[in-house]
Amino acid sequence: MFIKNCWYVAGWASEVGADDFIARTFIGVPVVMWRDSGGRPVAFEDRCCHRGAPLSMGRREGDFLRCMYHGLKFDRDGACVEIPAQDRIPDSVRVNTFPIVERHKWLWIWMGEADKADPALIPDTPWLSSPDWRHLEGYTHYDTNYLLIADNLLDLAHLPYVHPNTLGGPAAYAESPAQIEALDNGVRVTRWAMNIDAPPFVQKVKHYDGKVDRWNKYDFVLPGVFLMDSGMAPTGTGAAEGKRDNAAEFRGCQALTPETENSTHYFFCHPHNFAIDQPEVTASIHQSVVVAFEEDRRMITAQSRSLDLRPDFNMIPIRADRALGLFRSLVKKTVDGETVAISAAPRKNIAMTEAL
Amino acid sequence: MFIKNCWYVAGWASEVGADDFIARTFIGVPVVMWRDSGGRPVAFEDRCCHRGAPLSMGRREGDFLRCMYHGLKFDRDGACVEIPAQDRIPDSVRVNTFPIVERHKWLWIWMGEADKADPALIPDTPWLSSPDWRHLEGYTHYDTNYLLIADNLLDLAHLPYVHPNTLGGPAAYAESPAQIEALDNGVRVTRWAMNIDAPPFVQKVKHYDGKVDRWNKYDFVLPGVFLMDSGMAPTGTGAAEGKRDNAAEFRGCQALTPETENSTHYFFCHPHNFAIDQPEVTASIHQSVVVAFEEDRRMITAQSRSLDLRPDFNMIPIRADRALGLFRSLVKKTVDGETVAISAAPRKNIAMTEAL
Amino acid sequence: MFIKNCWYVAGWASEVGADDFIARTFIGVPVVMWRDSGGRPVAFEDRCCHRGAPLSMGRREGDFLRCMYHGLKFDRDGACVEIPAQDRIPDSVRVNTFPIVERHKWLWIWMGEADKADPALIPDTPWLSSPDWRHLEGYTHYDTNYLLIADNLLDLAHLPYVHPNTLGGPAAYAESPAQIEALDNGVRVTRWAMNIDAPPFVQKVKHYDGKVDRWNKYDFVLPGVFLMDSGMAPTGTGAAEGKRDNAAEFRGCQALTPETENSTHYFFCHPHNFAIDQPEVTASIHQSVVVAFEEDRRMITAQSRSLDLRPDFNMIPIRADRALGLFRSLVKKTVDGETVAISAAPRKNIAMTEAL
């Protein structure tokens with residue numbers, strides 16, 4: 001089951017060019033994203049209301065989309081405006097649309113009740129469009145449920161084991177205690193590892209003579225957005241007291257968007273605020289993250305297959321699981337709440353294109 | 001659910017050579033087709049009655065087929081005539097057979113009650129073996145239910161949208177009203193598009209100076225056979241009144257045979273009666289049809305996937321859907337009628353090879 | 001359903017090197033096999049008790065295995081001895097283990113109740129490690145239930161039909177009567193074919209001027225182990241009376257180990273006791289068997305697909321099916337007996353590594 005009344009990252013804004021139709025499935029619903037003549041994003045259910053043909057195989061005609069099976073034409077609000085060989089067009093001939101908003105290089109989509117789609121609820125990611133930060137745009141696809149990936153992000157103690165040559169560093173990192181706080185819409189995790197070696201991905205782009213103090217402080221919020229202040233500075237320079245001279249700082253932005261119960265879109269980037277005039281530094285950091293996320297994907301995909309083989313398997317919790325336990329409870333509570341609300345409400349179509 | 005008491009096209013006669021075993025599944029039942037020593041086609045269930053091994057992995061021995069797992073030998077009526085190391089052969093040791101008839105280059109098979117298999121019920125396709133017509137033999141395979149393909153054939157208004165560069169022509173074609181007649185065993189559709197451009201596939205093989213009057217008149221009959229008189233002639237030469245001087249005439253013959261609930265065999269050809277001494281004309285017409293049918297297949301396969309994703313999707317009918325609505329009703333009524341009859345009748349094996 | 005309280009062949013001992021983790025599934029349970037620092041085999045369920053990650057993606061640290069997702073470390077009995085950032089380790093943190101024994105080049109695993117795992121129950125295969133016999137190690141994988149392969153091995157009358165160019169020989173072989181005896185734990189089959197041609201695979205490695213008397217005498221015992229004394233000698237030299245001068249003798253050893261309900265591991269070899277100083281003879285015999293087993297696999301896989309398509313198919317038994325009928329009854333009786341015993345007993349974890 002998925003949360004519906006929330007903003008999901010639907011893609012990088014750069015993925016949907018002026019004449020593109022991008023077909024992508026969110027929480028089990030196929031969607032086609034395109035832009036009107038003014039460049040504003042539009043999201044339709046990717047299924048013509050007539051015979052179910054994919055609208056992503058259609059043709060853009062100005063602010064309209066024409067289905068290329070039998071020629072029905074729709075405006076950006078989903079209303080049909082033309083049926084070949086038929087004069088009268090009933091109001092019922094319309095396709096479902098979803099609110100979609102472009103914000104700081106990401107497209108955000110609302111799959112639930114359109115009248116609740118308040119753009120003020122979109123998590124803030126100013127670093128993606130700030131001139132003081134640099135990043136490359138990342139995407140990967142998982143053939144697993146999104147919660148297994150959320151688990152992974154909520155316990156960074158896996159870093160030394162899964163990522164010894166990229167994000168990881170020494171086992172001492174996993175031994176450092178993490179501080180866990182429950183938020184209204186997620187979990188905040190703070191971990192300081194003092195006086196350790198810098199991880200390999202930083203050693204490639206920044207020279208530290210000795211040990212560093214390393215912090216990872218992140219909010220993981222519904223439906224599955226990871227926003228992290230992380231970095232490191234030479235040990236003894238007071239990073240833990242807020243001094244960040246000679247620090248290497250990052251703002252990890254990651255978003256899990258369920259595709260189906262068994263697959264997930266994963267959008268990510270890792271902005272940094274040093275050496276921003278050196279593209280090779282940005283490229284090196286991005287590449288380290290890409291390699292590390294492949295390490296995660298390999299492990300989590302194998303874990304998922306293992307769990308599928310034994311539905312009666314009971315995980316045995318350890319202390320490091322506290323954050324992911326909190327988040328899983330929050331997801332369950334939210335889904336249950338929506339299920340109650342939806343079963344009480346009359347069913348209706350979603351016909352609003354954009355909540356902005 | 002499938003109609004059982006009807007003739008399905010099982011293949012092109014040319015596919016089953018003297019020593020061939022052709023394994024093909026019809027309405028969920030695997031069948032092996034072969035020829036006896038006199039060249040007469042034989043159809044067995046492709047499953048030895050002993051341990052279920054495919055008989056298509058067997059060996060022809062004169063008028064007999066031997067299973068090559070444990071050596072049982074069967075005559076053309078399905079009766080076992082030899083069991084290694086065993087003298088007595090019980091009557092129960094026999095394989096199911098199906099009536100099969102070769103007619104005008106097509107093999108027709110009857111999957112239902114053998115005693116109802118009247119060859120007089122086979123739809124007539126004389127153009128396939130007439131010296132006055134030319135065609136090439138076509139086949140394609142769909143990973144969809146056959147009814148989605150029937151829908152497509154029953155509304156040729158899709159031509160300008162799906163086939164703009166092959167069979168299609170201008171949008172005006174779709175705007176021309178189709179006349180729909182219910183037949184006892186199908187639907188008749190007649191459409192005249194007056195004073196329009198000839199479609200691309202005809203422009204390649206026949207020169208017309210100006211506009212043409214184009215007709216498509218076809219019967220689509222149970223279980224899924226499409227027989228079309230189509231063509232075009234210069235506008236103003238009286239084609240609509242029956243004059244076909246300087247016409248380009250075709251007799252489209254197409255047959256949908258369900259393989260399973262989710263896959264379909266599609267046999268087709270497009271005989272023409274002009275330039276029959278020019279093989280390059282026949283090849284060009286055939287190639288245009290092949291390309292066009294790939295366009296259909298791409299669209300219908302995508303439509304099928306889209307429908308599978310949302311079982312609760314309700315198609316919204318438009319005026320152009322009338323013919324396909326009639327046909328779907330007829331299929332349903334026929335299947336329901338057979339289901340009632342079958343549940344009332346005692347179960348028996350089908351043991352007759354050929355109804356001729 | 002599978003028999004649990006029995007020894008299954010888990011692999012060739014040579015497959016698990018000093019630092020290897022071999023992941024293989026037996027009766028639906030994923031297992032990782034490895035060796036401790038003394039070379040003794042260890043078998044764990046291939047699933048960390050914490051979050052289900054495969055332990056075969058872990059790291060051997062001396063006599064310990066560390067899960068490389070979150071760093072938990074286990075001893076060879078499955079007990080957790082280290083959890084990062086956690087002092088107390090509850091007794092419940094342990095992984096399932098299975099008794100595993102190395103015997104005559106094969107690894108044998110016990111998937112049922114560990115306290116019943118008596119190594120004395122392991123079928124004896126001395127030829128695999130005897131200096132008087134030679135073989136090469138064989139393995140193949142089936143995408144079918146193991147019982148269809150057992151059927152095949154229990155009726156060698158299929159040899160002339162499936163293997164005419166390898167193990168088979170003339171149809172007369174199939175006509176020779178087989179003598180069937182029920183054993184407590186299986187079936188014994190004895191077949192003598194007198195005065196026939198030697199089969200192709202022997203003709204390649206041993207010259208016989210005339211006809212031979214050929215015997216195949218084998219026990220097929222639970223759970224699916226085939227142990228055969230087979231061979232041939234010149235007709236008239238008294239082989240049937242026990243004289244084996246100038247005989248070509250073999251000891252076929254084959255083991256079917258179910259992977260899942262729909263797939264099977266097949267370990268095999270075909271030791272011979274003549275020309276043991278000629279590796280090319282061993283290679284030729286092995287290669288003939290490999291080709292023949294591919295012939296079986298092709299037939300049985302096709303048979304399995306055929307049976308899957310028609311769940312209501314009733315096989316019609318013939319006289320040659322007696323041995324396989326006996327074995328199938330024995331399997332059913334054994335599984336039913338275990339099911340009754342298991343449902344009566346309290347559930348417990350299997351924690352013993354080795355029964356030796």
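Is Cys49(A) buried or exposed, and what is its relative accessible area? In this predicted model, Cys49(A) is buried, with a relative accessible area of 5%.

**Cysteines**

A search of the whole structure, covering all chains, returns zero disulfides. A disulfide is a covalent bond between the sulfur atoms of two cysteines. For Cys49(A), the closest cysteine sulfur belongs to Cys48(A) and lies 4.8 Å away, which is too far for a bond, given that a pair of sulfur atoms has to be within 2.5 Å to be counted as a disulfide. Cys269(A) is likewise in no disulfide, and the cysteine sulfur nearest to its own, that of Cys253(A), is at 4.7 Å. Cys269(A) is also buried, its relative accessible area being 1%.

**The annotated domain of chain A**

An unreviewed UniProt entry places the feature "domain: Rieske" at residues 7-109 of chain A. Over residues 7-109 of chain A, the chain is 41% strand and 0% helix, and the C-alpha atoms at the two ends are 5 Å apart. Ile27(A) is found in the loop that joins β2 (22-26) to β3 (29-35) of chain A. The phi angle of Ile27(A) is near 40°, a positive value in a residue other than glycine, and Ile27(A) counts as buried, at 8% relative accessibility.

**Arrangement of the chains**

Chain B is superposed on chain A, with an RMSD of 0.0 Å, by a rotation of 120° accompanied by 0.1 Å of shift along the rotation axis. The two copies are thus related as by a three-fold rotation axis. For the next pair, a turn of 120° and a shift of 0.1 Å along the axis lay chain C on chain B, again with an RMSD of 0.0 Å.

The contact between chain B and chain A takes 28 residues from chain B and 27 residues from chain A. About 2,500 Å² is buried between chain B and chain A, and carbon and sulfur atoms give 56% of this area. On the chain B side, Tyr161(B), Met299(B) and Ile316(B) supply 28% of the area buried against chain A, more than any other three residues. Where chain C meets chain B, 28 residues of chain C are in contact with 27 residues of chain B, and the area buried between them is about 2,500 Å², with 56% of it on carbon and sulfur atoms. The residues of chain C that lose the most area to chain B are Tyr161(C), Met299(C) and Ile316(C), which together make up 28% of what that side buries.

**Helix α1 of chain B**

How many of the eight residues of helix α1 in chain B are buried? Helix α1, spanning residues 146-153 of chain B, is mostly covered, since eight of its eight residues are buried. Among them are the hydrophobic-to-polar neighbours Leu148(B), Ile149(B), Ala150(B), Asp151(B) and Asn152(B). At the start of α1(B), a side-chain oxygen of Asn145(B) comes to within 2.8 Å of the backbone nitrogen of Leu147(B), and Leu147(B) is itself one of the buried residues of α1(B).

**Loops and backbone geometry**

Two cis peptide bonds are set side by side in the table.

| Peptide bond | Geometry | Omega |
|---|---|---|
| Leu222(B) to Pro223(B) | cis | near -5° |
| Leu222(C) to Pro223(C) | cis | near 0° |

In chain B, Pro223(B) belongs to the loop between β15 (212-221) and β16 (225-234). In chain C, Pro223(C) lies in the loop between β15 (212-221) and β16 (225-234) of that chain.

Further along chain C, Asn246(C) is placed in the loop between β16 and β17 (248-260). Although Asn246(C) is not a glycine, it has a positive phi of about 55°, and at 46% relative accessibility Asn246(C) counts as partly exposed.

Which side chain does that of Asn96(C) meet in a polar contact? The partner is the side chain of Glu45(C), at 2.7 Å. Asn96(C) is located in the loop between β8 (80-82) and β9 (97-98) of chain C, and Asn96(C) is buried, with a relative accessible area of 16%.

How values were computed: Residues are numbered from 1 along each chain as its sequence is written. Chains are lettered from A and ligands numbered from 1 in the order in which they are written. This is a predicted model: local features need pLDDT of at least 70, side-chain atom pairs count only at pLDDT 80 or more; totals for chains, interfaces and linings use all residues. Side-chain values use heavy atoms; hydrogens and water are left out. Copies are superposed by least squares on the C-alpha atoms of residues with pLDDT of at least 70 in both. UniProt positions are given in the numbering used here, feature names are shortened, and annotations may be inferred rather than shown by experiment. Helices (H or I, at least four residues) and strands (E, at least two) are DSSP runs, numbered from the N terminus. Buried means under 20% relative accessible area, exposed over 50%, partly exposed in between (1.4 Å probe, protein chains only). A polar contact is a pair of N or O atoms within 3.5 Å; within protein, one must be able to donate a hydrogen and the other to accept it, and residues adjacent in sequence count only if both atoms are side-chain atoms. Contact means heavy atoms within 4.5 Å. Buried area is the accessible area (1.4 Å probe) that two parts lose on being put together, summed over both.
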